[in-house]
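Could you walk me through this structure in the viewer? Please tell me what to select next and what is there.

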Amino acid sequence: MKPSLSFTTLAAALLLAGCQVVNTTSGGAVGVERKQYMFSMLSTDEVNQMYAQSYQQTLSEASSKGVLKKTGADAKRLQSIADRLIKQAPIFRPDAAQWQWEVALIDSPELNANCGPGGKIIFYSGIIEKLKLTDDEIAAVMGHEIAHALREHGREAMSKAYGISLAKQGAAALLGVTEDKMALADAAVNYGMTLPNSRGNENEADLIGLELAARGGFNPNAAVTLWEKMAAASEGAPPEFMSTHPSSVSRIASLQAAIPKVMPLYEQAKKGS
């Protein structure tokens, strides 16, 4: 057996030994049903608390630099959009209704936004201003990021990293792996185990985010125009097979295929409003 395969097998075995199998969300209309492996000693509450501390530190630093925007048109837009999406989150996981949701806008040229564990949302002004995002497109971004939090992709990644760390500690002694072969094993785990799952997580966030936005009364077609804008702003990005994110072309195709599933939800939400 090749050392790289042995190492990957050991990593998986050690990871599974300390993990529980869960499905953090219901499938929804988009049908996200993948089972997830979470390290049993790393609870949802612990991860949420850890991230809440990091989030507050980020906001404190931004405030001290004068770049935390609590007022203004974009701050109000974000809060209004977030309120509508947050109302839909319990459809995927009921306990999200008890999360301490927060929304912050930081004045920065970054084309970035995120929603960390427990519902802590940050947008950077660059993504709104440079891409000239509509409310529907902001909802597409925010829905995607909220979906990462609902699916606990951060906790899942931490669980995986813990399993890999355990494997590294025992691999050399148990398998006689040399330093050079250990580097090869690291590459095998990285490209053969971590990256495909990361791309899968991105696809899950795309689909759940699409449904969240539709249920909130935002046009799901905006997800397509959003990624068209992102593609235009991201020329020279690495090939898909070496990236943790799907290419814009495959991402747009996946979204277009899912839009018919959520369009009735959008139309129903618009009638209700």
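Start by colouring the protein by pLDDT, the predictor's confidence in each residue from 0 to 100: the average is 84, and 77% of the residues score at least 70. Select residues 1–8, where pLDDT is below 50 and the stretch has 17 contacts (heavy atoms within 4.5 Å) beyond near neighbours in sequence. Residues 187–197 are also below 50 in pLDDT, with 20 such contacts in the model. Where pLDDT is low, the predicted coordinates should not be read in detail.

This is a predicted model, with residues numbered from 1 along each chain as its sequence is written. Local features need pLDDT of at least 70, side-chain atom pairs count only at 80 or more, totals for chains, interfaces and linings use all residues, and side-chain values use heavy atoms, leaving out hydrogens and water.

Next, select helix 3, residues 73–86 (helices are DSSP runs of H or I, at least four residues, numbered from the N terminus). Its 14 residues reach 20 Å from first C-alpha to last, close to the 20 Å expected at 1.5 Å a residue, taking 1.5 Å times one less than the number of residues. Show Ala75, Leu78, Ile81, Ala82, Leu85 and Ile86: these are its buried residues (under 20% relative accessible area, with exposed over 50%, 1.4 Å probe, protein chains only). They lie on the same side of helix 3 because they cover an arc of only 135° around the axis, taken from the directions from the axis to the C-beta atoms. On the other side, Ala73 and Lys76 are exposed.

Finally, go to His148 in helix 6, residues 135–150. His148 has 14% relative accessibility, so it counts as buried. Leaving out residues up to four places away in sequence, His148 touches His153, Asn201, Glu202 and Ala205.

Definitions and conventions
Helices (H or I, at least four residues) and strands (E, at least two) are DSSP runs, numbered from the N terminus.
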